[in-house]
Amino acid sequence: MCNELKTRDKAVNWHPYTQMKTADNIIPIIKGEGAYLYDDKGNRYIDAVSSWWVTLHGHAHPYIAQRVSEQLNTLEQVIFAGFTHEPAIRLSENLLQLLPGNQQKVFYSDNGSTAVEVALKMCIQYHYNQGKPKTKILAFKNAYHGDTFGAMSVSGRSAWTQPFGEMLFEVIFIDTPTAENLENLRSELKTISEEVLCFIYEPLIQGAAGMLMYQARDLNELMKLCKEEGILMIQDEVFTGFGRTGKLFAADYLSEQPDIMCFSKGLTGGTLPMGITTCSHKIYNAFLSDDPYKTLFHGHSFTANPLSCTAALASMELLSEEKNQLSIERICQQHAQFAILLKEHQHIENVRQTGTILAWEYKNDQQTSYFNNIGKLFYDEFLSRGILMRPLGNVLYLVPPYCISYEDLEYIYAQIMEILNKTEW
Ligand SMILES: *Cc1c(COP(=O)(O)O)cnc(C)c1O
């Protein structure tokens with residue numbers, strides 16, 4: 001029965017970001033290999049979005065599978081309060097070496113949203129522990145930091161957050177920095193800095209907002225202003241981390257250092273869920289006390305799960321291999337070439353690229369929004385050509401796994417041009 005999995009799925013599963021009433025094409029995937037996904041009817045799809053931006057080295061990577069399998073047979077899970085284990089120690093050691101020099105401690109959690117929750121709680125309690133509680137948080141307009149309540153609160157208000165609006169805490173939203181608005185941002189920061197407890201931002205690129213990009217130079221200036229005003233900085237690298245931007249971290253484009261950083265998505269190569277929040281000595285030391293009430297009371301059942309830590313270690317090893325560094329460079333160059341072609345197309349505007357991330361907008365009469373149904377038309381058209389792309393409204397983008405071949409990427413570009421040339425939507 002061709003439809004068996006589909007039917008059984010519909011009977012019991014509720015999918016994320018999916019209007020279940022109209023969801024008519026949920027595809028059962030039975031196998032993944034490299035950049036490919038295979039469905040139950042034998043169709044193959046090139047995963048051009050790294051399965052929601054997480055897969056780095058391809059699906060079912062044999063090396064990660066082997067390492068996780070060995071770990072699975074050794075120690076699958078242990079409470080991380082009062083106990084520790086080598087995978088977590090090694091991962092923290094290895095990661096901290098790659099981060100800005102001020103990042104000194106690693107706190108584990110389960111996903112990007114929890115990494116953000118931990119960061120926010122660190123900042124709130126940092127001030128509280130010093131007897132100077134503050135209540136206002138600064139974030140960018142259109143930000144996306146996750147779907148739990150704290151992470152939602154610091155995300156831009158949108159259709160996604162609307163039903164929960166009354167329950168979200170107050171946040172001051174500012175524009176992303178440009179050479180032109182930096183002076184305004186400076187005076188804005190000066191007037192509010194007393195009450196602001198931290199600033200949280202996606203560096204270089206606002207992913208879920210529609211791959212909106214801004215300059216490292218301008219962010220660096222804004223970070224300087226925050227430092228001058230004594231505002232703690234949380235750099236959310238959940239999406240940008242682990243090579244996405246062409247460098248290992250967005251931090252590698254910046255000379256200023258954030259107080260706290262968040263990681264997830266590519267952290268385990270997209271193999272297992274895990275979140276990480278790192279912080280400086282300054283933050284960490286504010287919790288050291290003989291007073292037990294100054295403890296960071298946060299933790300998850302699966303904090304620092306050894307399997308996830310091992311997957312992350314294996315993925316980071318792969319990432320450091322020259323072969324994979326060259327693949328990232330090659331993807332960046334291929335994207336840049338294709339961007340030139342896209343820019344000339346009459347239906348395309350705002351072509352932009354940061355490293356392995358390429359995005360552009362399809363011009364049509366409908367208003368620009370996530371609910372612009374042009375995205376659905378493109379999605380189906382790409383699927384029928386064996387490509388998984390998932391537009392954000394009229395924003396189309398590519399975030400391929402680094403293992404994607406030269407030929408597969410060229411095939412995707414060719415299909416994009418063919419669709420653009422034949423369609424009048
Ligand atoms: C995806 C994302 C998150 C949330 O991560 P989840 O693992 O989906 O909870 C947070 N911040 C950024 C920048 C993201 O792109």
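**Exercise 1. Why does Cys309 form no bond with Cys262, the cysteine with the closest sulfur?**

Welcome, and let's start with the ground rules. This is a predicted model, in which local features need pLDDT of at least 70 and side-chain atom pairs count only at pLDDT 80 or more, while totals for chains, interfaces and linings use all residues. Residues are numbered from 1 along each chain as its sequence is written, and side-chain values use heavy atoms, with hydrogens and water left out.

Step 1. A disulfide is a covalent bond between the sulfur atoms of two cysteines; here the term covers a pair of cysteine sulfur atoms within 2.5 Å.

Step 2. The sulfur of Cys309 lies 17 Å from that of Cys262, so the two are too far apart for a bond.

Step 3. Cys309 is also buried, at 0% relative accessibility. (Buried means under 20% relative accessible area, exposed over 50%, and partly exposed in between, with a 1.4 Å probe and protein chains only.)

**Exercise 2. Find how many disulfides the structure holds, then look at Cys123.**

Step 1. The count of disulfides is zero.

Step 2. Cys123 is therefore in no disulfide, and its nearest cysteine sulfur, in Cys198, is 4.1 Å away.

Step 3. Cys123 is buried too, with a relative accessible area of 0%.

**Exercise 3. Locate the largest nonpolar core and say which domains build it.**

Step 1. Recall that a nonpolar core is a set of buried Ala, Val, Leu, Ile, Met, Phe, Trp, Tyr and Cys residues joined through side-chain atoms within 4.5 Å. The largest one has 52 residues, and Leu342, Trp360 and Ile416 have the most contacts inside it.

Step 2. Helix α13, residues 406-422, gives the most to this core, with seven residues. (Helices, H or I of at least four residues, and strands, E of at least two, are DSSP runs numbered from the N terminus.)

Step 3. Both domain 1 (4-63 + 321-420) and domain 2 (76-319) give residues to this core, so it lies between them. The domain bounds come from an automatic or database domain assignment.

Step 4. Another core, of 38 residues, lies apart from it, and includes Leu37, Leu182, Cys226 and Leu254.

**Exercise 4. Name some contacts of Trp360 beyond its neighbours within four places in sequence.**

Step 1. Contact means heavy atoms within 4.5 Å.

Step 2. Among the contacts of Trp360 are Leu342, Ile348, Met389, Tyr397 and Ile416.

**Exercise 5. Describe the chain as a whole.**

Step 1. The chain has 13 helices and 16 strands.

Step 2. Of its 425 residues, 53% count as buried.

Step 3. Its C-alpha atoms fill a box of roughly 65 × 55 × 45 Å along the principal axes.
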